[in-house]
Amino acid sequence: MPFMPRTAALAAIVLIISAPAECAKGGEFCNAFRGKCHGNLGQFMSHTLLSETGTRASEVVDFALADWDRDGDLDLVLVALARNNHSSFSSHLRFFENTAGNLSERTGCSNPFGNISINYTSDWGIGRPQVLKLVDWDGDNRTDLIIASGDLLNHLGNLRYFQQAPDGQLLELTGADSPFHMISAVEFETADWDEDGDQDLFVPCGRGYSHRTGWCYFEQLQNSSLSPRTGVANPLSGLPIDRGNRVQAVDWDGDGDLDILYSRYLSSPKLYSRAADMSLVDRGGMDFLRAGFDSVVVAADFDGDGDCDVVKMEKHWSDGQVTSFEFLEQVPDPTLKQRSGTDNPFAEIQTDGAVFPEFVDWDGDGDVDLLLGTGMGSMRFFERRADGTVEEKIGTLNPFHAVNVSGRAVPKAIDWDSDGQLELVVGARDGSLHFFKQTSNGSLYALTGQANPFQNLTVRGFAAPEVVDWDGDGDLDLFLGSSTGRDFETDGCGVFYYEQLDNATFHGRCFLTLTQKNYIVFYVAPRAGDWDRDGDVDLLLIGSTKVDSMFPPNIWYFERLASDSFSESWSEHSMSNYLEVGPFAGLPAWGARVSIADWDKDGDWDVLLGLQYFEGGWCKSPGSCQHGMCDPATGTCKCWTGYDQADCSGCGSGYFRIGKSAVYQPTEVALTRKCSPCPGILLHGTACSSRGQCHDAKHAQELALEMSPSSRAYINLTAFGEGDCECSAPFHGKSCERGECGAGFEYVKSELWSCRPCPPGYFKPGAGNGDRCEQCLKGHFAEFHGSFSCDECTHFLWRVEVTQDRAGCQYSHMNVYIGLPLVLVSMLLFLPLPFACSLRMVILDIRTLGDRVQVTTNGQHYILSRAGQVRVSFRGTKIPWLDDSSKVYYARVEDYSKLSLHNKDGSKAMLPVSETSRGEMRLLWRDAVLGVGLLNIPFICWWFVSHYWGGSFSQFVEALQKHSRGGACTQLSYWICTFSNNQWKVKEELGETWEHSSFYLALRSGLCMGTLLVLDEEAMPLTRSWCLFELLQTAVLSHENADFQGLLLCTHSGVMNYGQSNMDMAMSVSEKLSTLRLEDASASVQSDKEMIDDLVRQQPGGFTAINQYLVAAVRGALTALQRRFQNDLNRLQVNLVAADGSLRPNYAFFSGAISSADGRSSVSEASRSAASVEAISRDEIRSSSLWHRAYCLAEKVLEASKISKTSTEVQSVQSQGRFCLHQFASLA
């Protein structure tokens, strides 16, 4: 529209400001219940807020509502446009404060926007753009100002941002400080659309009017920047845009999420409500808000009553350029609306005549059921289902099947005697009242005679009872309607009221006398209750009357007032008349029994008049079921196949989204947000043939919500699913249609089809999906899950039998009679074995070494190191103080052949210096039994094996074999967690805390000899946290227990501590360990790693100490390897020299070995010192026997030097070595 010339700037304006006093009905709109296709009708009552009359010197472009002064109500801000010259316009902001519903303009310093001026290069043309917004953009709880400037006609401009300071001043942010410095638009809307707590932005896409393609959406991120969202991530994608279109985000339906009010030029605004899947659904136009040539519609809760109202600004050119502001107050429609046909949940109840309804929760399940009295005197019972429909109970399922009175039955259910159970009062055709009580099983029986409290209360016909505490004295009273008219003709009364007295008798009087109306009352049915919810009891009467020769129906409503008087309203005598006021406004005057309850649980009264159903303000909401049909009786959506959620907007299980629009148009149902089936549904009826998980829309949304729980709105719009199948093993194919279960597994379905292992006692011999697991034949068993065959239960000696479930083979009870004697005989045979094997031991050497006496036995002594001190005595040593038979000594194990003598208290025995190499040592009987292994096998002792579960099993076995062959013991036991733990119940094996773990209990059992760490080239065990835990316990035990042999490093080529491993392997492992950081170890469960790391840190020195312990173990192992390598090299030298006959180097070698035993001389130095030895002729040692004897002596010297520790031992070794060398030389 071209901008008309103005006669003078800011010409006189007449303001008319009025409170919303008188109002007129401005229209109505059906507000759907959330997730339903029915709703409540909202009426819009029109109030004039403000009007201006005058020239266009100060034309209003746009306005906004906000509680600027923080007083709890909405104020009004206008953008007023004025012409500067032919091509320039300026605007200023006018502020109207809301005071108790009255708008008062604040000018001068009272106008907080008085200093803000906006320049425009044109006016708006067609339709008024949305250029103003009052909103807390920066989240500081202070309202800011956003306003557009530029070319309104061509839609070219920018957004200016004014931030409210703590003192209330508005400060403009410009350049990069403005959040909109990259946005070019003159129309916009802000809202927290994605529900993340900050404001987002909507603007037209494209620059300029001719280039606009739709609405763009910018999400405000945590860093306050604006990020564009496109495609389905844009909630307004698919919403058309044209000149004069406006969008406003507002919670119109009060369901907690934002909807879109879409204004159109010269047309009715449309409401797009948010669906369950966060898309927008077209709810149709609002004709009562139809836009004029110059109008703006803004939705807001202007009166603060919790629902959405509308403020409409319109320019009236025909009235002298009057600009009016109209307040359209939304109020719920209170009138009762009949739900007829299929919309009536009781429409399918078939009757043969008149019925008399009674709403009552008879079964005590919390919802209201329906009791129907019939014209034949019987009672029918309909139980309410969860969806609001009813199901009739017939026969003995009907608790009222035994009730039958004369003629028609008018029921009233009430707890008359206050015993917690409902009783039934029934009015009969003959005017009498029948009283029924419940038995313990819920059936009814009649009380007659004096037991019936109503036996003396009758009318002349068609009694209609109503029971209520009318007078408020704590006991129940009775209204009794008469239905013949004769009571009125003879007694002048249509309805009787009986007050219950303290002695349980009644005092009656006439309640309804209508002689002044000059008609007779027929079939009056009273209903009492607090119908207007004001705390007192009101009365509703429905009946027929006789006027002249006509019998029209009538209805009366008596509202009790504070003065205990009544306000009476009634309908006139016409079949089409109804009540116009009160809680039953809209209820027609039909001559039928009425029942009142909140049937649909929405908080207001619903009325059943006969079987005609009335609900307050009820309406149908078109388009509420996006991909489904509305069930008219229940108001719920019945979704088409593949769709889900209350309004059928989401994809069901097994379906994924392929639509590309975020706005649902009912006319484009086939193209908008369509759900497609996952593979397998069309062929097999289930997604992925029920053999796997389909990546459907629900699965995609669940995964996305786990990643970002706060982005529900964004995820529901964008998480569609891919529609592909993730098949369970062993199935495969696009829809998991291929694959079969192997032997030992059967094809079963729980949630999905899967291959379940046959349980113990069952087997399946071959592959296939058709065969089931079969039970083992008699005499056979299957011990494990997944068995493909059964084993025969046999034993070569004992009698055995299959368990009842055929899952095991067990010894028969008959074996007790045979086995007990055998056990006794075995005990007699085996108990002497410790005495025979270990009671006497030949002594190889006894000597005093420093502060202790060391005993060396001739061979292995088999005394357990865990036995502690064992009692011994000596014979034949030729040392008097040892051969004394009255003395008992205490010995403690040093190694497999050596013991040290101690006192009884554990201190080292201080004995005279003596040496001997003869005699025998004896153990006392008890010590022999408890401290010595049986038949050379220890009773209980083991090595703890720490290893990486993912390592090579063959190399693991080789490592243990090398360890068992390389040590002093010939028979060893190992504790291996892989085999000692139940791999099906690892969590239970680990225990609730680390003190209960099997690793800790095994190491701390007191029976563990040491820890064997099995290593590969990458030292993988030390990269695992549980192996670090075992290393920590090993270090602690080594410090606490001197008998604990500590940590041995073992590879598949041998034990590094024994010098067995090959050098390449040792170097590889050592290089890896030199750079390894134990604090970098990992675990499958993060909480396990954190627990173990904390344990290490709690130890003295923490990770530094445990790393040093590991380095020391590696250094010791490398030293052993170095010695073994040097010895092997020297031995090879001996063999090579022997082959060519030269013996001089041999002599030098042995001499060097002796002199280097104390560590003070190298091999080269020893060779030089022996260079003067006379050469030994090769011809003199041609005898192989002589050479062999000398070589063996040399090996003995080398072995002695390798195991010697103290200076005394070194001297002894050197002495023996020299002796052997002289013998070697003489033999040579």
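Is Asp647 buried or exposed? Asp647 is buried, at a relative accessible area of 7%, where buried stands for under 20%, exposed for over 50% and partly exposed for the range in between, with a 1.4 Å probe and protein chains only. Before going on, please keep in mind that this is a predicted model, in which local features need pLDDT of at least 70 and side-chain atom pairs pLDDT 80 or more, while totals for chains, interfaces and linings use all residues. Residues are numbered from 1 along each chain as its sequence is written, and side-chain values use heavy atoms, without hydrogens and water.

Let us stay with Asp647 for a moment. You will find Asp647 in the loop between β47 (643-644) and β48 (650-651); strands here are DSSP runs of E with at least two residues, helices are runs of H or I with at least four, and both are numbered from the N terminus. Beyond its neighbours within four places in sequence, Asp647 is in contact (heavy atoms within 4.5 Å) with Ala275, Ala276, Ser624, Cys625, Gln626, His627 and Cys637. Its C-alpha atom is also 7.9 Å from that of Cys37, a residue 610 positions away along the chain.

Now step back to the whole chain. Its 1228 residues are 49% buried, and it holds 20 helices and 73 strands. Among contacts with a separation of 6 or more, 55% join residues 24 or more positions apart.

Where does the largest nonpolar core have its most connected residues? Such a core is a set of buried Ala, Val, Leu, Ile, Met, Phe, Trp, Tyr and Cys residues joined through side-chain atoms within 4.5 Å. This one has 41 residues, and Leu1022, Leu1049, Leu1073, Leu1078, Ile1106 and Leu1110 have the most contacts inside it. The elements giving two or more residues to this core include β71 (1008-1014), α14 (1063-1075) and α16 (1102-1140), while α13 provides the largest share, 8 residues. Another core, of 37 residues, lies apart from it and includes Ala66, Phe113, Val131 and Val186.

Looking at Leu1022 itself, its contacts more than four places away in sequence are Leu1013, Leu1031, Leu1073, Leu1076, Leu1078, Ala1081 and Leu1110.
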